[in-house]
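Biologist: I am new to this structure. Please take me closely through one part, the surroundings of the ligand, and set it in the context of the whole protein.

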Amino acid sequence: MASAENLDVVIVGAGISGMYMLYRMRKLGLSTRVIEMGADLGGTWYWNRYPGARCDTDTIEYSYSFDEDLQQEWEWPERYPTQPEILTYLNHVADRHDLRPDIMFSTRVEAAVFDEASNRWRVTTAGGAAFSARFLIMATGCISEPNIPEIAGMETFEGPIHHTARFPHEGVDFSGLRAGVIGTGSSGVQAIPVIAEQATHLTVFQRSPQWSVPAHNRPTDPDLVAEIKADYAGFRARNRLESGAQLSHIPANDVSALEVGEAERQRILEERWQLGGFPFFGAFNDIVINPESNKATADFVRAKIRAIVKDPAVAEMLTPDYTIHCKRPVLDSGYFETYNRSNVRLVDINAAPIQAITPRGIRTAENEYALDIIVLATGFDAMTGALLKIDIRGRDGLKLRDKWADGPVNYLGLQVTGFPNLFTITGPGSPSVLTNMMVAIEQHVEWVTDCISYMVEREHACIEASAEAQAAWVAHVNEVASGTLWVSCHNWYQGYNIPGKPRVFMPLPNFPPYVEKCEAVVANGYEGFVLS
Ligand code: N01
């Protein structure tokens, strides 16, 4: 057995959460190492380099809040930052706080085993390195493990096949090529208009039509920025309170779609449509809980799609018939307009499924499509994929893979019973992807930091979620989710995109009450946790 480097803390992942976690652990004076699979930092923003990749949350709130000077100094050129801009920003943060020396790159964690005799985690990497740490913090991201579908004949294709989350760093020039894109989620919807402009021809293979609203990207408004920077801390605090399902600082209208007349309803929806982005979904306060309000909003978007797309048959294929906002909402820049181009074809693979990838293209039940390059915009094994890829074993050799065989269980989305001193940043069972991720990450990192500081001060060896607290928490998450329309369609929140994955609603709706709960747990001496 390789000798292990002794540390206080091992953090897995050098994305937004791993970087901030490292910063915090250092401030506590704890010896810390971040282990990162990628050749550089940035997580999501390191890997997702597909054409058109940018964040869909306003830059002014998709940034760290912990460094006041940084947030005052940094200037974002547009409403939504591009992938390279975010990566530049994260590199700047790493340099500013000298984070790199404690990050090991190009190193994949293979296993983490809890040793009950020493109360320490032994973490081993694919390259054979070993670490022994008191605390293990999984900052592996919610949407990081790509979903590569198993399609017959994939290996026979004569051109390149790229997943959006593993796109070549040097970029891809689509000019002169016949391109095919499989998948129309956030990644596909961003990539498709850009690829269509470059490629000779583009074929989009659509399994589900997508509810998408215009992003309305634009240059940053200097007056708005000045106003926010005059009281950035206040803005962040309000943002936390408002950071519900609409993922935006612009508050939702506190009115039901059913409380206003038809003309007023249309006026509000049009006003929100013009605002662009997630605030559209805040037009009314009940679109994720009331089927009739949801339908009113959906009908408005259906009419927009039909007005934009000129060919009625194509418009019909692009028009969803399921609950709006049930799948994670998508923002676009000219997505539906792209289908008016003469070099773009839409193929409904729900009606005629893909049968195989052939040496020269894709064959469906109806046709064969000649292609030079294929892009898989097929998403991720979300929330649990990256965690379960690692062989994590807690007390009595219990494997996390077995513990979660029927879906993830934990307490507060932070800790799993039987896995002491192991924390998951934005784990399943926490608001995570139903919140602005920056906000969710900072809240978790700060909670874990306070917890570890508390343990160190009081010389506690272990903290572990109690079985009772965990059971109650899982029941709570299910109860909250079942009161929403998020359980009414086949979304990745419930694992529907991954064959064989347990169908469990993974994130917890509603951030502000969650934060209150986390604070109450601390105020009550880490209620629900066993400290030893
Ligand atoms: O992945 P997705 P994504 N055969 O799962 C289809 C965040 N994000 O990478 O809907 C054929 O949403 C699948 O079809 P269906 C954001 O949280 C943010 O686009 O399952 N098709 C769907 O159309 C987002 O929600 C940003 O029926 C298959 C598509 O592929 C999350 O990441 C940008 C298939 C996958 O869509 C994931 O987005 C990008 C198969 N076997 C991502 N398997 C921004 O901030 C799947 N599909 C802008």
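Modeller: Buried residues account for 58% of the 532 residues in the protein. The model is a predicted one. Its protein has 16 helices and 20 strands. The radius of gyration is 23 Å, close to the 24 Å from the globule rule for 532 residues, so the protein is as compact as a globular protein of that length. Along the principal axes, the C-alpha atoms fill a box of roughly 70 × 55 × 45 Å. Take the contacts between residues at least 6 apart in sequence: 72% of them join residues at least 24 apart. The accessible surface of the protein is about 20900 Å², and carbon and sulfur atoms hold 50% of that.

Now the ligand. Around it are 24 residues. Arg54, Ser186, Ser187, Ser208 and Lys327 come nearest. By class, the shell has nine nonpolar, 10 polar and five charged residues. Helix H5, residues 186-198, gives the largest share of this shell, with three residues.

Next, the polar contacts. Ser186 uses its backbone: an N or O atom there lies 2.9 Å from an oxygen atom of the ligand. Arg207 uses its side chain, where an N or O atom is 3.0 Å from a ligand oxygen. Lys327 also has a side-chain N or O atom by a ligand oxygen, at 2.8 Å. On its own, the ligand has 900 Å² of accessible area, and the protein covers 87% of that.

Terms used
Residues numbered from 1 in each chain as written. Predicted model: local features only at pLDDT ≥ 70, side-chain atom pairs only at ≥ 80, totals over all residues. Heavy atoms only, no water. Near = heavy atom within 4 Å. Polar contact = N/O pair within 3.5 Å; in protein donor to acceptor, adjacent residues only side chain to side chain. Areas by Shrake-Rupley, 256 points an atom, 1.4 Å probe, with all protein chains shown as cover. Helix = DSSP H or I, 4+ residues; strand = E, 2+ residues; numbered from the N terminus. Nonpolar A, V, L, I, M, F, W, Y, C, P; charged D, E, K, R; others polar. Rg over C-alpha atoms; globule rule 2.2 N^0.38 Å. Buried < 20%, exposed > 50% of the residue type's maximum accessible area, 1.4 Å probe, protein only. Contact = heavy atoms within 4.5 Å.
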